[in-house]
Amino acid sequence: MRNKLVQKLVEHQGTFISGESLSQSLGVSRTAVWKQMDALKKSGYQIDSVPKKGYQLIARPNGIQEHDIHLYVQTKRLGHTVTYYDSVPTTQTLAHEWAEGGAKEGHLIVADEQTGGRGRLGRNWHSTFGTSISMSLILRPKLSPQQTPQLTLVAAVAVTRAIEKVTQLKADIKWPNDILIKGKKLVGILTEMQSEPGLAKVVILGIGINANQSEDELSHDERNQATSLKVESGLETNRAQLIATVLEEFEWLYDTYLEKGFSEIKLLWEARSISIGKKLKAQTINGTVTGMSTGITAEGALLLEDDEGIVHTIYSADIDQA
Ligand code: BTN
């Protein structure tokens with residue numbers, strides 16, 4: 001009912017809509033409408049209520065609850081169920097738990113804050129209340145465990161496209177899936193998997209976006225200089241719209257990938273990547289490899305050609321300019 005009520009208010013933004021017509025169109029009592037209005041006001045909605053005229057939506061908070069996201073979701077199946085939390089250690093663990101409990105593909109877990117966000121290679125991921133985006137999407141693809149790293153590359157393409165659509169900012173992909181603007185990190189992607197022999201049972205696609213953080217709110221660790229959409233554009237981004245657009249972009253790319261394989265995604269990824277045709281240093285668990293990056297393999301691994309002409313295939317590493 002809350003989703004429908006918000007939808008009605010948005011449809012009538014700029015005009016009043018009476019309590020009577022709301023209660024009729026939603027099939028609930030006027031007291032129920034009044035109670036929901038009260039709850040919306042408490043969660044930051046600015047709603048004008050005038051006797052005999054009804055309600056008028058003045059402003060919406062930059063919220064990411066289910067009803068906020070559903071105003072923008074236009075997907076076929078992803079994000080039709082959204083579970084929102086104010087503050088959690090990490091949306092990844094919650095998504096794993098929801099998946100174990102039988103949650104369907106496309107169920108999205110979002111939080112306004114993470115207190116123990118997880119990053120790649122055992123690192124932490126910093127997120128801030130109300131300004132960052134922390135989302136974990138439950139996927140159930142019919143893939144082998146070896147294929148699932150490709151999904152992070154699919155997601156990287158989807159997120160850069162969504163950012164460009166919503167903010168007009170152009171972002172680059174650094175292998176395998178960091179998203180940067182002018183060399184500073186804006187987005188992190190983490191895929192985790194529960195598998196059976198030969199089959200990835202569940203993939204949890206975790207995406208963290210620095211959306212509306214100010215310069216002071218960003219964590220600058222030794223390795224990564226961070227930035228946010230707000231720092232880069234000077235504008236506040238509507239987080240719910242961006243989440244919905246990420247889902248929309250990811251859905252068609254994911255379906256293309258499942259249907260036709262990685263080749264089309266590979267071209268899109270390479271077109272946005274800053275990790276091709278450069279001399280790079282890859283720190284892997286087996287040591288450091290330096291070489292010219294000549295591209296990625298059909299599996300999404302990075303190819304580095306060293307000074308002796310030997311081509312190294314890098315599956316997991318930290319990458320820097322050499
Ligand atoms: C990285 O660049 O190291 C990956 C960062 C991934 C962060 C996201 S935020 C949503 C989800 N929950 C987490 O704890 N991590 C991922």
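Reader: Quick one to start: is Arg77 buried, exposed or partly exposed?

Author: Partly exposed, because its relative accessibility comes out at 28%. Keep in mind that this is a predicted model.

Reader: OK. Which residue does Arg77 form a salt bridge with?

Author: With Glu105, and the closest N and O atoms are 3.4 Å apart.

Reader: Where do Glu105 and Arg77 lie?

Author: Both are in loops. Glu105 is in the one between helix H5 (91-100) and strand S4 (108-114), while Arg77 is in the one between H4 and strand S3 (82-88), so the salt bridge ties together parts that are 28 residues apart in sequence.

Reader: And Lys165, what's its salt-bridge partner?

Author: That's Glu248, with 3.8 Å between the closest N and O atoms. Lys165 belongs to helix H6 (residues 149-167) and Glu248 to helix H8 (residues 239-260), so this pair links parts 83 residues apart in sequence.

Reader: How accessible are Lys165 and Glu248?

Author: Lys165 has 48% relative accessibility, so it counts as partly exposed. Glu248 is at 23%, which means partly exposed as well.

Reader: Which residues do salt bridges with shared partners join into one network?

Author: Lys76, Arg77, Glu105 and Asp255.

Reader: How many salt bridges does the structure hold?

Author: There are 20. Another one of them pairs Lys230 with Glu236, where the closest N and O atoms are 3.2 Å apart. Lys230 counts as partly exposed because its relative accessibility is 30%.

Reader: Switching topic to helix H1. Which of its residues are buried?

Author: In H1 (residues 2-11), the buried ones are Leu5, Val6 and Leu9. They sit on the same side of the helix, because they cover an arc of only 95 degrees around the axis.

Reader: Why would residues three or four places apart point the same way?

Author: An α-helix makes a turn every 3.6 residues, so that spacing brings them round to the same direction.

Reader: What's exposed on the other side of H1?

Author: Lys4 and Glu11 are exposed there.

Reader: And what do the buried residues of H1 pack against?

Author: Three helices and two strands, namely H2 (19-26), H3 (30-42) and H4 (66-70), plus S1 (46-50) and S2 (54-59).

Reader: Last thing: which feature does UniProt place at residues 19-38?

Author: The unreviewed UniProt entry gives "DNA-binding region" for that span. In the model, residues 19-38 are 85% helix and 0% strand, and their end C-alpha atoms lie 13 Å apart.

Definitions and conventions
Residues numbered from 1 in each chain as written. Predicted model: local features only at pLDDT ≥ 70, side-chain atom pairs only at ≥ 80, totals over all residues. Heavy atoms only, no water. Buried < 20%, exposed > 50% of the residue type's maximum accessible area, 1.4 Å probe, protein only. Helix = DSSP H or I, 4+ residues; strand = E, 2+ residues; numbered from the N terminus. Arc of directions from axis to C-beta. Contact = heavy atoms within 4.5 Å. Salt bridge = Lys/Arg side-chain N within 4 Å of Asp/Glu carboxyl O. UniProt positions renumbered as here; feature names shortened; annotations may be inferred.
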